Amino acid sequence: MATEIHIHHGPLVIGAGLAGLSVALNTAPHATLVLAPVALGVACSSAWAQGGIAAALSPEDSPKDHETDTINAGAGIVDELAAKTLTEMGPGTVHKLNAMGAPFDHKADGSFVLNREAAHGLARVARVGGDLAGKAILEAVVNTALAAPHIEIWEPAFALGLIKSDDQTVIGAVVDYGGRRIEVYAPVVIMASGGSGGLFAVTTNPANLRGEGMAMAALAGAVIADPEFVQFHPTALKFGLDPAPLATEALRGEGATLIDKTGHRFVFDDHPDGELAPRDIVARAVHKADLNGGAFLDARAAIGDHFPAEFPTVFASCMAQGLDPRVQPMPVAPAAHYHMGGIRTDIDGRTSLKNLFAVGECASTGVHGANRLASNSLLEAAAFGERIGIAATTDLHTAAFAPDSDAAIRPLLPPVLAPADLQALRDKMSHQAGVVRNEAGLTALLGLVDTLDLRYPGALALVNARLIATCALHRRESRGSHYRSDYPQTDVEGKRTYITWAEVQNRAGETTECSSQDCLTS
């Protein structure tokens, strides 16, 4: 396939979910090119988020209280500056989205309707139509972006790899735009490509999202942070669908209970907060119950006849499978939901590579630690998207951008796994790198990755699987979303993981302690 060259004298944003579009809306007046792999607002995690957006919006709340809950949920490795920055931006971000046209639910006095979700000290999750937050918020942002004269959107278009001028400097990306292969050169590149839930057989995320942005950055030499920390949502509806429909945490905030086949509220066996315990604890409790006869979310008493109006998305999902949640408990199981790990950034989105920024789920600022606080994800995408759009263009001198395409370092174009091999990988990821992990399972997973890598060297899905599995193998403790049945204790001192692709390759299968501060932490 012939490759075209396109010189773009402004920011290149890879991804068109809430994070990517929030970046683009804050790069004016610089001409900004956004790559949308699918139709805007479709098959991105932002659009599928149900619960809402967390922020200190009530008189009895404060950004400091929100920060404290964020740090406590993150199990000892939250970056406190990132948490402080995010929660202080929270109220302003929600008000800006509201002014943009996001139809948040309001009380008669004009204040926001707020739900309480797990590990929050009080109700602070602004909602839209009960469980329509992500779709409605993203729709408002999409409409604003489409009307912005400085934004150009290529659709469908997705990046295949990053182009560099030297080992440390990114100058663009190889892009597939409607089947055309184009080398897009840009003075600044912002990765906003989403998470990695599609690497797992059971996920609430669009199955096409397999962490490609993290893999491209890793292959380009960027430092990756905390890839072992994958959050599993406790209450995916267990209907055998791919992806699994989500039963929002707001249901439990409104009083829905988790019961086993005998009607026992089993989460209280593990935590005094029961259904509103941190997500990792609830996920493991649901996983155990699911293996022992089934886990069910019971909203009959708490929601009952109000279900269609209060939670229309969940209600429609259930009714489509012949289950009426007004009168029947819903079968649930944990599902891969959010990746706390990603491309290491500071609070302005800067990565370890010059001119490369990252934002949203593909990035790791450390704000979520080992266990993301519920409904902080939409807030991060919008708030840090605004912050990074400004930071990425503060010192941008587009007139001086003159890339030497002849001398450019181009990426090897990644092969794509055949459907059967991709499914085998997804199954293995769910079984061996899921809610409960151990050395034998992670070693077996890496063995499959080795085998597939012989046929598909450099495949982005395999890069991500290796990053997650290798770092999970080396973290010999249990912390937040990362639970090792062979190392159930939590180390006294929490440490983050920072690693490069070269270090992952050198350590594949090795389980000895790492002595370098620049590689794996234990």
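In this predicted model, helix α6 is a good place to start: G213, M214, A215, M216, A217 and A218 are buried there. That makes 6 of the 8 residues of α6, so the helix is largely enclosed by the rest of the structure. Just after α6 comes G221, a residue with a positive phi, near 105 degrees.

What does α6 pack on? Look for an open sheet of 4 strands, ordered β19-β17-β12-β20, with mixed pairing. Its edge strands are β19 (363–364) and β20 (498–499), and each of these pairs on one side only. Helix α6 (residues 212–219) packs on this sheet by touching β12 and β17 (342–344), and the helix direction makes about 45 degrees with that of β17. Strands of a sheet pair through backbone hydrogen bonds, in either a parallel or an antiparallel sense. Here β12 (residues 224–225) and β20 go antiparallel, over 2 bridges, and A225 stands opposite Y498 in β20.

Y498 also has a charged partner: the charged end of R344 sits over its ring, 5.4 Å from the centre. There is a similar arrangement elsewhere, with R372 lying over the face of Y338, at 4.4 Å from the ring centre.

Next, strand β10 (residues 180–185). Is this strand mostly covered or mostly open? Mostly covered, with 5 of its 6 residues buried. Two of its pairings are easy to trace. Strand β1 (residues 3–7) runs parallel to β10 and is joined to it by 5 bridges, with H6 standing opposite V184 in β10. Strand β9 (residues 169–177) runs antiparallel to β10, through 6 bridges, and in this pairing Y177 stands opposite R180. β9 and β10 form a hairpin with 2 residues between them, and G178 in the turn has a positive phi of about 60 degrees.

Here are three of the strand pairings side by side:

| Strands | Sense | Bridges | Residues standing opposite |
|---|---|---|---|
| β12 and β20 | antiparallel | 2 bridges | A225 and Y498 |
| β1 and β10 | parallel | 5 bridges | H6 and V184 |
| β9 and β10 | antiparallel | 6 bridges | Y177 and R180 |

Now for the nonpolar interior. Which residues touch the most other members of the largest nonpolar core? Of its 52 residues, those are I53, F104, I137 and I190. The elements giving two or more residues to this core are α1 (18–24), α4 (80–100), α5 (133–147), β11 (188–191) and α11 (376–393). The largest share, 9 residues, comes from α11. If you want to see the packing around one residue, pick I137: leaving aside residues up to four places away in sequence, I137 touches L18, I53, L97, A102, F104, V128 and L378. There is also a second, separate core of 37 residues, which includes V189, A220, L353 and I499.

Finally, the aromatics. How many aromatic pairs are there? The count comes to 5. One of them is F104 with F112: the ring centres are 5.6 Å apart and the planes are at 80 degrees, so the pair is edge-to-face. F104 and F112 are both buried. Another is F307 with F311, whose ring centres are 6.0 Å apart with planes at 65 degrees, so this pair is edge-to-face as well. F307 and F311 are buried too, and along with F315 they form one aromatic cluster.

Technical notes:
Residues are numbered from 1 along each chain as its sequence is written. This is a predicted model: local features need pLDDT of at least 70, side-chain atom pairs count only at pLDDT 80 or more; totals for chains, interfaces and linings use all residues. Side-chain values use heavy atoms; hydrogens and water are left out. Two strands pair if DSSP finds at least two bridges between them. Contact means heavy atoms within 4.5 Å. Axes are lines fitted to C-alpha atoms, for helices over the stretch in contact, and angles run from 0 to 180 degrees between N-to-C directions. A nonpolar core is a set of buried Ala, Val, Leu, Ile, Met, Phe, Trp, Tyr and Cys residues joined through side-chain atoms within 4.5 Å. Buried means under 20% relative accessible area, exposed over 50%, partly exposed in between (1.4 Å probe, protein chains only). Rings of Phe, Tyr and Trp (its six-membered ring) pair if their centres lie within 6.5 Å; planes under 30 degrees apart count as stacked, over 60 as edge-to-face and the rest as tilted. A charge sits over a ring if NZ of Lys or CZ of Arg is within 6 Å of the ring centre and within 35 degrees of the ring normal.
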